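Let's take a walk through this protein chain together, from its overall make-up to one sheet and one patch on its surface.

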Amino acid sequence: MQTRDIPPHLHARYGLRPPSRWRWLAWAVAAIVLLPTLTYAASRYVATQSATYTVFSWSASASGDQVSVTFHTSTAPTRQWCAVRAQDTNHFDVGFAVLPVAGTTTSTTFSMATLARPLAVDVLDCQSDPYALPGPQFAPGVQPPAQQLPALAPGVYSPKQIAALR
């Protein structure tokens, strides 16, 4: 039953009003605004969906200045960047690197320079934007060790690494 089919005395009694043309205009404007907004949000969600990653193994050198890390990633088909860190017993980073990984599913073995023998090594996160990754947590005043290409250490770049970034 349409509102216009209701007798006028029931309109007065229950406060019913016939639908106005402004209501249809409001719905049209809401649809025009809402549809692109939802489309943009969905595309950003799909584009920034993070990877899954698992550390298979890691081993430190006898001198404690290198750590070999093997991890598995399952990412979007685009190039991803992963942050790998090594921490000591005080939970400060002794090694930190951001390295590119190929899209899709891959296993990566990486040799990371460290300042001391670590207690734990893990992959913090993998993202399509390297600037979206969490940063290192070195002790105050400690300079991160330089990493070999293709990995990058935060704040420590060799001339080769700067050339590779361009």
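What percentage of the 166 residues in the protein chain is buried? Buried residues, meaning those under 20% relative accessible area (exposed is over 50%, partly exposed in between; 1.4 Å probe, protein chains only), make up 31%. Please keep in mind that this is a predicted model, in which local features need pLDDT of at least 70 and side-chain atom pairs count only at pLDDT 80 or more, while totals for chains, interfaces and linings use all residues. Residues are numbered from 1 along each chain as its sequence is written, and side-chain values use heavy atoms, with hydrogens and water left out.

The chain has three helices and six strands, taken as DSSP runs (helices: H or I, at least four residues; strands: E, at least two) numbered from the N terminus. Starting at that end, their order is α-α-β-β-β-β-β-β-α.

Now look at the open sheet of three strands, ordered E1-E2-E5 with antiparallel pairing; a pair requires at least two DSSP bridges between the strands. E1 (52–60) and E5 (105–113) are the edge strands, each with a single partner, so one side of each has no neighbour in the sheet. E1 and E2 (residues 66–74) are joined by eight bridges, and Thr-52 sits opposite Ser-74 in E2.

Helix H2 spans residues 21–47 and includes Leu-25. This leucine, Leu-25, is partly exposed, at 44% relative accessible area.
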